[in-house]
Amino acid sequence: DSTWQTNFLAPYLLTELVAARRNKHQGELRVVQVSSRLEKRSLLSEESMERIQKQENLQESAYSDSKRAVMLWTSVRAQNLAFKSSTWVHCSTPGMVDSDL
């Protein structure tokens, strides 16, 4: 699903790959993941993660679920990445924008 690839997989891989190649003595690196207020509509569960693995239809909640997933992953990994590689990871929700998207 392209929504999951864009909103979760790309930030996850980029952050993990960059952090893996760094050490504490290279200076600080700051990463800001962009979330969304729509993550509050997420119904992310173990069942939905299984659907993602099977690449079943995810369109109805893919956006909110992928944004919730990036927030959860950021909160779980932030402290470890900071201690291990001086990589500071934050998640920010920029606010609502009136658009036709």
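A pocket, as the term is used in this tour, is an open set of grid points with protein on both sides within 12 Å along at least five of seven lines. The model on screen is predicted, and the stops below start from its pockets.

**First stop: the largest pocket**

Select S36, L38, Y63, V97 and S99, the residues closest to the centre of the largest pocket. The pocket has a volume of about 340 Å³, and 13 residues line it. Colouring this lining by class will show 7 nonpolar, 5 polar and 1 charged residues.

**Second stop: the second largest pocket**

Next, select D1, W4, Q5, L9 and I52. These residues are the closest to the centre of the second largest pocket, among the 10 that line it. Its volume is about 240 Å³. Two elements each give two or more residues to this lining, namely helix 1 (2-20) and helix 2 (46-53). Which element supplies the largest share of the lining of the second largest pocket? Helix 1 does, with 4 residues. By class, the lining comprises 6 nonpolar, 3 polar and 1 charged residues.

**Third stop: the whole chain**

Zoom out and switch to a cartoon view. The chain contains 3 helices and 2 strands, and from beginning to end of the sequence they follow the pattern α-β-α-α-β. Along the principal axes, the C-alpha atoms fill a box of roughly 45 × 35 × 20 Å. Of the 101 residues in the chain, 32% are buried.

**Fourth stop: a nonpolar patch**

Keep L9 from the second stop, where it was one of the residues closest to the centre of the second largest pocket, and add L13 and L17. Together, L9, L13 and L17 make a nonpolar surface patch of about 260 Å². L17 belongs to helix 1. Is L17 buried or exposed? With a relative accessible area of 51%, L17 is exposed, because the exposed class begins over 50%.

**Fifth stop: the salt bridges**

Display the side chains of the charged residues. How many salt bridges does a search of the whole structure find? The search finds 3, and each can be selected in turn.

- Select E16 and R77. Their side chains meet in a salt bridge, at 2.8 Å from N to O. This pair links distant parts of the chain, with E16 in helix 1 and R77 in helix 3, 61 residues apart. E16 is buried, at a relative accessible area of 17%.
- Select E39 and R68. In this salt bridge the closest N and O atoms are 2.5 Å apart. The pair again joins distant parts of the chain: E39 lies in the loop between strand 1 and helix 2, R68 lies in helix 3, and 29 residues separate them. E39 is buried, with a relative accessible area of 11%, whereas R68 is partly exposed, with a relative accessible area of 24%.
- Select E28 and R30. Their side chains form a salt bridge of 2.9 Å, N to O, and both E28 and R30 are exposed.

**Sixth stop: R41**

From E39, which is in the loop between strand 1 and helix 2, move to R41. R41 lies in the loop between strand 1 (29-34) and helix 2. R41 counts as exposed, with 63% relative accessibility. Draw a distance line from R41 to E16: the two are 25 residues apart in sequence, and their C-alpha atoms are 27 Å apart in space.

**Final stop: S86**

Select S86, which is placed in the loop between helix 3 (62-85) and strand 2 (87-92). Why does S86 count as buried? Its relative accessibility is 12%, and the buried class takes in residues under 20%. The backbone also merits a look here. Most residues other than glycine have a negative phi. S86, although not a glycine, has a positive phi of about 50°. To end the tour, draw a line from S86 to R51: their C-alpha atoms are separated by 35 Å, and the two residues are 35 residues apart along the chain.

How values were computed
Residues numbered from 1 in each chain as written. Predicted model: local features only at pLDDT ≥ 70, side-chain atom pairs only at ≥ 80, totals over all residues. Heavy atoms only, no water. 1 Å grid on protein atoms, 1.4 Å probe; cavity = no way out; pocket = protein on both sides within 12 Å on 5 of 7 lines; lining within 4 Å. Points joined across faces, edges and corners; volume = space filled by probe spheres on them. Nonpolar A, V, L, I, M, F, W, Y, C, P; charged D, E, K, R; others polar. Patch = residues over 30% accessible without salt bridge, like charges linked within 9 Å, V, L, I, M, F, W, Y side chains within 5 Å. Areas by Shrake-Rupley, 256 points an atom, 1.4 Å probe, with all protein chains shown as cover. Salt bridge = Lys/Arg side-chain N within 4 Å of Asp/Glu carboxyl O. Buried < 20%, exposed > 50% of the residue type's maximum accessible area, 1.4 Å probe, protein only.
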